[in-house]
Amino acid sequence: MKKSDSFYGYSLILAFFMLFLAARSQLITDFYKTSCPNLMAIVKKEVQNAIKIEMRMAASLLRLHFHDCFVNGCDASILLDVSDGEKFAGPNLNSVRGFDVVDNIKNSVESACPGVVSCADIVAIAARDSVLLSGGPTWKVLLGRRDALVANQSGANTGLPSPFDNLGNIILKFANVGLNLKDVVSLSGGHTIGLSRCLLFSNRLFNFAGTGNPDSTLDTNMLSDLQNICPVNGDANKATFLDRNSNDLFDNHYFQNLLNGKGLLSSDQILFSSDEAKTTTQSLVQSYSTNSDLFFADFANSMIKMGNISPLTGSSGQIRKNCRVVNS
């Protein structure tokens with residue numbers, strides 16, 4: 001055998017081995033089919049219980065998944081209780097919620113299948129169930145993620161989209177994690193459920209962008225209501241519904257609101273009203289406002305894409321016993 005033939009054979013074997021590893025690292029829907037067959041039922045029951053206690057928790061669990069995936073991928077790093085953790089970053093501090101619910105789910109899962117299911121997968125399933133139980137679409141959650149050993153507070157401070165970002169920055173932050181314009185608009189539609197604090201939109205109510213006047217894209221009746229809820233020097237932590245007149249139902253009403261100047265956050269309304277939106281996001285907002293089936297389908301697809309951002313698989317990371325701390 002020639003030396004070149006031997007090299008070719010080795011290269012071929014190596015190539016097949018790498019393909020095998022790649023295949024092994026892909027997320028799949030039935031990852032826990034034999035190791036934890038009742039996983040889906042356990043998670044759904046706990047999410048149902050949490051939403052019965054507080055309807056807002058559906059939005060909180062959805063947002064938790066979003067804020068996890070945008071920083072180092074969907075690896076449950078946002079759950080870690082460390083001083084430099086993501087949950088203490090500016091966009092998350094006193095804002096991201098649902099940690100106790102994840103703890104309850106994890107405890108129930110551990111009782112049934114100890115040491116098997118990652119916290120990252122629990123967060124992904126809980127987000128799907130929260131949407132479904134609020135009247136939204138369902139999708140098959142890809143599974144097999146493992147949990148991070150470290151958090152990334154600086155990444156959370158810089159990488160998460162902000163209510164104060166312009167549309168270009170929002171689009172860029174989505175692109176940085178492999179998401180496109182359709183994902184920007186469809187995932188923003190997650191604001192069809194949940195609340196937001198005065199802190200995050202009061203800049204629109206009195207002196208927007210240093211103009212001395214309210215945001216001109218904001219509906220005048222809604223403006224008056226919001227000024228009463230969030231007066232100057234009022235309680236910045238007071239909250240109101242993101243989707244006016246369709247508070248807890250996961251539907252396409254959020255997009256109808258944008259057409260009428262009733263988006264609560266600046267980052268919502270600019271999807272339709274900003275100059276940049278005319279060539280980027282405006283047409284999708286219009287489409288979703290009249291076609292809930294299209295919105296549901298695109299939202300589900302975008303959630304699957306987001307859930308596939310840089311997962312830890314194989315021997316990377318670990319399966320945490322307690323979602324708040326790395327295994328000792």
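1. Let's start with how α8 and α13 pack. In this predicted model, helix α8 (residues 181-188) meets helix α13 (residues 292-307) at an angle of about 110°, and the two axes lie 9 Å apart. Angles of 65 to 115 degrees count as roughly perpendicular, so α8 is roughly perpendicular to α13.

2. If you would like to look at the contact itself, α8 contributes K182, D183, S186 and L187. From α13 come F295, D298, F299, S302, M303, K305 and M306. Sorted by class, the contact of α8 with α13 holds 5 nonpolar, 4 charged and 2 polar residues.

3. Next, the aromatic rings. The model has 14 aromatic pairs. One cluster, linked by ring pairs, takes in W139, F250, Y254, F255, Y288, F295, F296 and F299. Two of these names will be familiar from the previous point: F295 and F299 belong to the cluster, and both also take part in the contact of α13 with α8.

4. A ring pair that I would happily point out is F66 with F70. Their ring centres are 4.5 Å apart and their planes are at 20°; planes under 30 degrees apart count as stacked, so this pair is stacked. Are these two residues buried or exposed? Both F66 and F70 are buried.

5. Finally, a word on confidence. The chain has a mean pLDDT of 93, with 92% of its residues at 70 or more. Please read residues 1-24 with this in mind: the pLDDT there is below 50, and beyond near neighbours in sequence the stretch has 1 contact in the model.

Note on methods
Residues numbered from 1 in each chain as written. Predicted model: local features only at pLDDT ≥ 70, side-chain atom pairs only at ≥ 80, totals over all residues. Heavy atoms only, no water. pLDDT = per-residue confidence, 0-100. Contact = heavy atoms within 4.5 Å. Axes fitted to C-alpha atoms, helices over the stretch in contact; angles between N-to-C directions. Helix = DSSP H or I, 4+ residues; strand = E, 2+ residues; numbered from the N terminus. Parallel < 35°, antiparallel > 145°, perpendicular 65-115°, else oblique. Nonpolar A, V, L, I, M, F, W, Y, C, P; charged D, E, K, R; others polar. Phe/Tyr/Trp six-rings, centres within 6.5 Å; stacked < 30°, edge-to-face > 60°. Buried < 20%, exposed > 50% of the residue type's maximum accessible area, 1.4 Å probe, protein only.
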